[in-house]
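User: Please take a close look at one part of this structure, the open sheet and the surface patch on its edge, and then set it beside the salt bridges and the enclosed strand elsewhere in the chain. Keep the account connected.

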Amino acid sequence: MTLLSLYATQPTEVNVEAERSVVMNEVIDQINTEYQPARLANPSATERAEIQERVTVLVANAFRRRNLRPGPQYETALGAEITRRLLGLGFLDLLLPPARTDISEIAVYSSGLLQIMRKGAVRFETVEMHPDAGEIWRVLDRILGPQNKTLNESNPVIYAKLPATEHNPGGGRITALHPAVAPPGKNPAINIRLFEQKPVLPEWLIERGALCPEMMADLQQAMQLGKRILVCGGTRTGKTTILSAMCNFLPEGWRIVKIEDPEEIWINRTTVQSFEARPKAIGTEVAAVTLADGVKVAMRLSPDFLIVGEARSGDALEALFSAMTTGHSGASTFHAESPRDTVERVITEMGMHSQARPAEIQRTFASAIDLHLQIGIRHDTRRVISISNVAKELKDNKVSFEPIWKYDETSPFDAPAWKKVGALKTVLTEAD
């Protein structure tokens, strides 16, 4: 009995699934024959609809030739999947806007596991999607190709951008690991951090219990006064999110220069000039452009307010503090778990970069920063833990923090509370 006659007598789901990948490859090959690569790479809405309709017809014909009739619903779904692979980002199209708008992060494990993190959450959750290694590689190549980047054994770690689109105007950042450095090596490991698709509104953070309205009012006043602010917290605590929300309070008409790596803060103003750092292009003579370079350039652009997305290194901190101690207002984020940890990590990073003495760095910190904001995770929720003035005079040769707000660690999950223990400094005193 031939395979065709077997299908004729036993048109079961098993037979359909057995032919699924064969049908997919056959249809993809046919579409690649009928349409020019340039048209597939950047189709208009009309062309996309035309191609999807053609794909659905080819899927139905392929099953009919095998005497299989899985039904219009199955064929349409398979046609949509093939279209995503041909014209979009494959499985990612099911997780990115407009299909999903509730996701902040996507993780593809080298084992094949796929997880997402919802907006406002602090833990990943598994989704029942199982893209094969071939599809993952195709999606990755589609993203990296236009950026002239390639993931391979000689270049096993790639940092890239998820391009902004009409439906995902915030874009995102991508970290990809080659199977050679990501055991068990079944496929590349990928992490995608999605950026907000629109400006972060302060009321969103209040509604989510990150801080109370009175705290937000103090931050509004600090921004309007042009305070020099450092927003600190651990990984995924929402440092960039709260800094983005605070930017809503900058006075209209201020010239804002924003330095990031990569760009992710979206400020709804026309007077914003962005500067994006970039790594050295491997295998070329193209030099790196660092955050420190961006800060130095920004100082020549006459900003009213300077924003550094995250000062990660000693040279970036040195450039930032140099700008802030020479009269520039601004704000940045920094990875630290507490106010004291902030100072210790700054001392470490700047000391490694410039061999400056700890006492000198402490004085620079006190001179450069007016306000310290600490974020942490409580009850699996992002909370502002403290807001503090930074004293301009050292105490016992150390930076001194003067708390304004403190999170009440005894408050329950569903009723977070904060204590007002000080006041925002609005005018420098003689002692300062």
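Analyst: A residue is called buried when its relative accessible area is under 20%, exposed when it is over 50%, and partly exposed in between. The model is a predicted one. V157 has a relative accessible area of 31%, so it is partly exposed. A patch takes in residues with over 30% relative accessible area and no salt bridge. V157 joins Y159 and V181 in a nonpolar surface patch of about 270 Å².

V157 belongs to strand 4, which covers residues 157-162. The sheet concerned is open and has 6 strands in the order 3-2-1-6-5-4, with antiparallel pairing. Strand 4 and strand 3 (125-126) are its edge strands, each pairing on one side only. Helix 6, residues 133-144, packs on this sheet and touches strand 1, strand 4, strand 5 (172-177) and strand 6. The direction of helix 6 makes about 70° with that of strand 4.

Further along the strand order, strand 1 (residues 103-108) is joined to strand 6 (residues 189-194) by 4 bridges in the antiparallel sense. Within strand 6, R193 is the residue that stands opposite E105.

The next topic is charge pairing. Side chains of opposite charge can pair when their charged atoms come close. Over the whole structure, 28 salt bridges are found. One of them is between D102 and R100, with 2.8 Å between the closest N and O atoms. D102 has a relative accessible area of 25%, so it is partly exposed. R100 is also partly exposed, because its value is 21%.

A salt bridge also forms between K420 and D218, at 3.8 Å from N to O. This pair links distant parts of the chain: K420 lies in strand 15 (residues 418-420) and D218 in helix 8 (residues 213-224), 202 residues apart. The two ends of the pair fall into separate classes. K420 is partly exposed at 46%, whereas D218 is buried, with a relative accessible area of 13%. Elsewhere, salt bridges with shared partners connect E19, E26, R65 and R66 in one network.

Another salt bridge brings together the side chains of R39 and E47, with an N to O distance of 3.1 Å. R39 counts as partly exposed because its relative accessibility is 29%. E47 is placed in the partly exposed class at 22%.

The enclosed strand is strand 8, residues 256-260. Of its 5 residues, 5 are buried, so strand 8 is largely enclosed by the rest of the structure. Its two faces are both covered: I256, K258 and E260 are buried on one side, and V257 and I259 are buried on the other. Strand 8 runs parallel to strand 9 (residues 272-276), to which 5 bridges join it. In that pairing, V257 has Q273 of strand 9 as its bridge partner. Strand 8 also runs parallel to strand 10 (residues 305-308), with 4 bridges between them. Here the bridge partner of K258 is I307 in strand 10.

To return to the starting point, V157 is a partly exposed residue in strand 4, and strand 4 pairs on one side only. Strand 8, by contrast, has both faces covered and is joined by bridges to strand 9 and to strand 10.

Key. Residues are numbered from 1 along each chain as its sequence is written. This is a predicted model: local features need pLDDT of at least 70, side-chain atom pairs count only at pLDDT 80 or more; totals for chains, interfaces and linings use all residues. Side-chain values use heavy atoms; hydrogens and water are left out. Patches are made of residues with over 30% relative accessible area and no salt bridge: like charges are joined within 9 Å, nonpolar side chains (Val, Leu, Ile, Met, Phe, Trp, Tyr) within 5 Å. Accessible areas come from the Shrake-Rupley method with a 1.4 Å probe; for residues, only the protein chains shown count as cover. A salt bridge is a side-chain nitrogen of Lys or Arg within 4 Å of a carboxyl oxygen of Asp or Glu. Buried means under 20% relative accessible area, exposed over 50%, partly exposed in between (1.4 Å probe, protein chains only). Two strands pair if DSSP finds at least two bridges between them. Contact means heavy atoms within 4.5 Å. Axes are lines fitted to C-alpha atoms, for helices over the stretch in contact, and angles run from 0 to 180 degrees between N-to-C directions.
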